[in-house]
Each structure stands twice: as structure tokens, then as C-alpha cells.
Amino acid sequence: MALSGKHTFGSIGETRVTFVEKGVDENRRNFLKELLEHNGFEVITEEETRKSNEDPQLYSVGVTDMVFNPTIWVFERKLKTLDGHKVTQDYWNQKTQSTNPHYWNNGEK
């Protein structure tokens, strides 16, 4: 799920959350959980229901901060990586470990 600007709310268990992403695999869930907890958020995850046992297990990731919007936090450069750099869109989307350029790739590799 790419940064969309939409702010979606709901519940995971009995807890009201702002959904960060839905339908993510275990690797993405772990990445988001570690990054968001490092930035001081309480993260709650939930296994989504599979249609069959052959389908991969997907997860919903949410935070208890009801005003959190990932798009705003990434583009306003409020999130920090584990080593203290500002999170970029490509870093958030796990396209790169580099935090340059700051918002987008200007055609540079």
C-alpha cells in the first residue's frame, strides 16, 4: 500500500487505531512495526483472514495515535530511521536503504 494521503480509522481487537497499511506480508509488517515503535508509536498488528490455507498470511498494521497520517509524517520529514536519518518516500516503501534524495528520485541511480 503506497502513501495515499487517506487517513483510515478502525479497530484492531478492542483498540481504536489509525491504519498505517493493510494487506502486508510479514516482512513489511516487521519493518513498519520496528520503524514506528522507534519513532514512539504504539503499534498494533492483526492477522487478516485467509480465504484458503494456500494463500499467504497478510497483516493489518495500525497505531493508537488517531491523528497519525503516514503521508504527512513522511513528507514533513518527521519520522527517523533507526540510525537517525529522516525517512524518505523510497525508504518508507522499502525501495532503498538510502535516505537521499529527500523526497523522490530525480532520475539518479
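Arg-29 has a relative accessibility of 15% and therefore counts as buried, the cut-off for that class being under 20% relative accessible area. This briefing concerns a predicted model, and it follows the charged pairs, then the nonpolar core, and then a residue of helix H3. The structure contains four salt bridges, one of which joins Arg-29 to Glu-26.

**The salt bridge within helix H1**

- Glu-26 pairs with Arg-29 in a salt bridge whose closest N and O atoms lie 3.6 Å apart.
- Because the two residues are three positions apart in helix H1, which covers residues 26–38, about one helical turn separates Glu-26 from Arg-29.
- The partners fall into separate burial classes, since Glu-26 has a relative accessible area of 44% and is partly exposed, whereas Arg-29, at 15%, is buried.

**Further salt bridges**

- Arg-28 and Glu-21 form a salt bridge through their side chains, with an N to O distance of 2.6 Å, and both of these residues are buried.
- Glu-76 and Lys-78 likewise meet through their side chains in a salt bridge, where the N to O distance is 3.2 Å.
- Glu-76 is partly exposed because its relative accessibility is 48%, and Lys-78 is also assigned to the partly exposed class, with a value of 40%.

**The largest nonpolar core**

- The largest nonpolar core comprises 18 residues, and the members that touch the most other members are Val-20, Leu-36, Leu-79 and Trp-92.
- At least two residues of this core are supplied by each of four elements, namely strand S2 (15–24), helix H1, strand S4 (59–63) and helix H3 (89–92).
- Helix H1 provides the largest share of the core, with four residues, and this is the helix that also holds the pair Glu-26 and Arg-29.

**Gln-89 in helix H3**

- Gln-89 is located in helix H3, an element that supplies at least two residues of the largest nonpolar core.
- The relative accessibility of Gln-89 is 24%, so this residue counts as partly exposed, given that the buried class requires a value under 20%.
- Between Gln-89 and Phe-75 the C-alpha to C-alpha distance is 7.4 Å, while the two residues are 14 residues apart in sequence.

Definitions and conventions
Residues numbered from 1 in each chain as written. Predicted model: local features only at pLDDT ≥ 70, side-chain atom pairs only at ≥ 80, totals over all residues. Heavy atoms only, no water. Buried < 20%, exposed > 50% of the residue type's maximum accessible area, 1.4 Å probe, protein only. Core = buried A, V, L, I, M, F, W, Y, C linked by side-chain atoms within 4.5 Å.
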